[in-house]
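Please open the structure in your viewer and get ready to select residues by number. We will walk through it one stop at a time.

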Amino acid sequence: YLLEKRGLTVGDKFRASFFLRNISYFHLSIYAKAFQDENDNFIEGTSFDNILNLYNFDKKLRLLLLDVLERIEMSFKCVLAYEITKNKNDNYWYANSANYVNKEEEIVELLENVKISKEIYLQHFYKKYSDSEFPPAWMFFESLTFGDCIRLARNLHDEDRQKIASFYKLSKGVINMFLYLSHLRNACAHHCRVWNRRFTMKVEKYKKYIDVFGTSPSDSLFSYLVILQILLARISPSSEWLEKLDSLIKKYNIPIFRMGFPDDWREKMESIK
C-alpha cells in the first residue's frame with residue numbers, strides 16, 4: 001500500500017508480497033532509491049519489476065565478482081606462501097619477527113590463532129608434528145582470510161613488498177590494490193549493494209592507467225573494477241569475465257553511468273595489459 005501511495009505500479013500484489021516477505025522491504029528499498037525523487041516518490045512509470053530487475057542484476061553482479069576475486073585472493077596467498085618462502089629459503093619465515101617492520105598485535109594474534117584453528121589440515125599437522133610451534137607457510141596462509149594476508153603483507157619490509165610487486169610486474173603499491181579488492185570482496189560477500197555504490201575507500205588512479213580511469217570517481221565501482229582488471233590481466237589473461245559483465249549489463253538494461261562506467265568502458269578495460 002505504501003509503495004503504491006508513493007506512485008509505484010505493483011501489478012501482481014501476491015507476487016510482490018512474496019518477494020517482500022522473502023527479501024525484506026528494507027533490502028529492496030535500497031534498490032527502490034534509484035527510481036525515487038528527493039521526497040521518496042517514484043518516478044512516473046516505475047513498476048515493482050523495475051526494482052526487482054535491479055536487485056537481480058546486483059545479486060548476479062556480486063556472484064560474478066566473487067568468482068573473479070577468488071582467483072586474485074588465491075594468487076596473492078600463493079605469492080606469500082611460495083614465492084616469498086622460496087626467496088627466503090625458510091618455510092617458517094612468517095613467524096620471524098625480524099621479517100616485519102612492526103610486529104603489531106594483530107600479527108601476533110594471527111600467529112596464535114593458527115595454533116587453535118579448527119581446520120582439519122592444521123589439526124592433522126599438529127597431531128603428527130606435536131613439537132612444531134608453527135606449520136609451514138603454505139598451510140599458514142591457507143588458513144588466513146584475504147584481509148589477514150593483506151595486513152601481514154603491508155607490514156613486511158620494502159624488500160619483500162618489492163618481491164610481491166615484481167611477481168605481478170607492478171610497483172610496491174600493488175599491495176594497496178589488494179586492499180581495495182578486499183574492500184570490494186567484503187561488500188559482495190555480505191550482500192551489500194555494489195552496482196552504484198560509492199565506496200568509503202578511494203582507489204589510487206595509477207599513472208600508467210590514468211586514461212582507463214578517466215574521469216570516473218575514485219570511489220565508484222568502475223574504478224574498483226579497473227584495479228581488478230589490472231591484476232586479473234596478470235593472473236588470468238584469458239578470463240572472459242568482461243564479456244560476462246557486458247552480457248549482464250545488457251540483459252538487465254542497466255544505466256552504466258550510475259556505476260561510474262564511461263560509454264567505452266569495455267574497450268578501456270580490454271586495453272589493460
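This predicted model holds 20 aromatic pairs. For a first look at one, select Phe-76 and Phe-146: their rings meet edge-to-face, 6.2 Å from centre to centre, with 70 degrees between the planes. Phe-76 belongs to helix α4 and Phe-146 to helix α8 (residues 146-154), so this pair ties together parts that are 70 residues apart in sequence. Try showing the surface as well. Phe-76 is buried, at 0% relative accessible area, and Phe-146 is buried too, at 3%.

Now add Phe-167, Tyr-168 and Phe-178 to your selection; together with Phe-76 and Phe-146 they form one aromatic cluster.

**Next stop: helix α10**

One member of that cluster, Phe-178, is among the buried residues of α10, so select the whole helix, residues 174-189. Its 16 residues reach 22 Å from the first C-alpha to the last, close to the 22 Å expected at 1.5 Å a residue. Other buried residues here include Val-174, Ile-175, Tyr-180, Leu-181 and Leu-184. What covers the buried residues of α10? Show α4, α8, α9 (158-167) and α12 (221-235), which are among the elements that do. Just after α10, click on His-191, which takes a positive phi of about 60 degrees.

**Next stop: the nonpolar core**

In soluble globular proteins, nonpolar side chains tend to be buried together. Here, the largest nonpolar core has 95 residues. Which members touch the most others? Select Phe-141, Ile-164, Leu-184, Leu-228 and Trp-241. Then colour helix α4 (residues 48-88), because it gives this core its largest share, 17 residues.

Zoom in on Phe-141. Leaving out residues up to four places away in sequence, Phe-141 touches Lys-77, Leu-80, Ala-81, Trp-93, Tyr-94, Cys-149 and Leu-152.

**Next stop: the salt bridges**

The structure holds 19 salt bridges. Start with Glu-73 and Arg-185, whose closest N and O atoms are 3.7 Å apart. Glu-73 sits in helix α4 and Arg-185 in helix α10, so the bridge ties together parts that are 112 residues apart in sequence. Is each partner buried or exposed? Glu-73 is buried, with a relative accessible area of 13%, while Arg-185 counts as partly exposed at 28%.

Stay on α4 and select Glu-83 and Lys-86, which meet in a salt bridge of 3.5 Å, N to O. These two are three residues apart in the helix, about one helical turn. An α-helix has 3.6 residues a turn, so residues three or four places apart point the same way. Glu-83 is partly exposed, at 25% relative accessibility, and Lys-86 is exposed, at 56%.

For another bridge, pick Glu-133 and Lys-115, joined at 3.3 Å, N to O. Glu-133 lies in the loop between α6 (120-128) and α7 (137-143), whereas Lys-115 lies in helix α5 (residues 105-115), so the pair ties together parts that are 18 residues apart in sequence. Lys-115 is partly exposed, with a relative accessible area of 32%.

To finish, select Lys-88, Glu-159, Asp-160 and Lys-163 together. What links these four residues? Lys-88, Glu-159, Asp-160 and Lys-163 are joined in a network of salt bridges.

Note on methods: Residues numbered from 1 in each chain as written. Predicted model: local features only at pLDDT ≥ 70, side-chain atom pairs only at ≥ 80, totals over all residues. Heavy atoms only, no water. Core = buried A, V, L, I, M, F, W, Y, C linked by side-chain atoms within 4.5 Å. Buried < 20%, exposed > 50% of the residue type's maximum accessible area, 1.4 Å probe, protein only. Helix = DSSP H or I, 4+ residues; strand = E, 2+ residues; numbered from the N terminus. Contact = heavy atoms within 4.5 Å. Salt bridge = Lys/Arg side-chain N within 4 Å of Asp/Glu carboxyl O. Phe/Tyr/Trp six-rings, centres within 6.5 Å; stacked < 30°, edge-to-face > 60°. Expected span 1.5 Å × (residues − 1).
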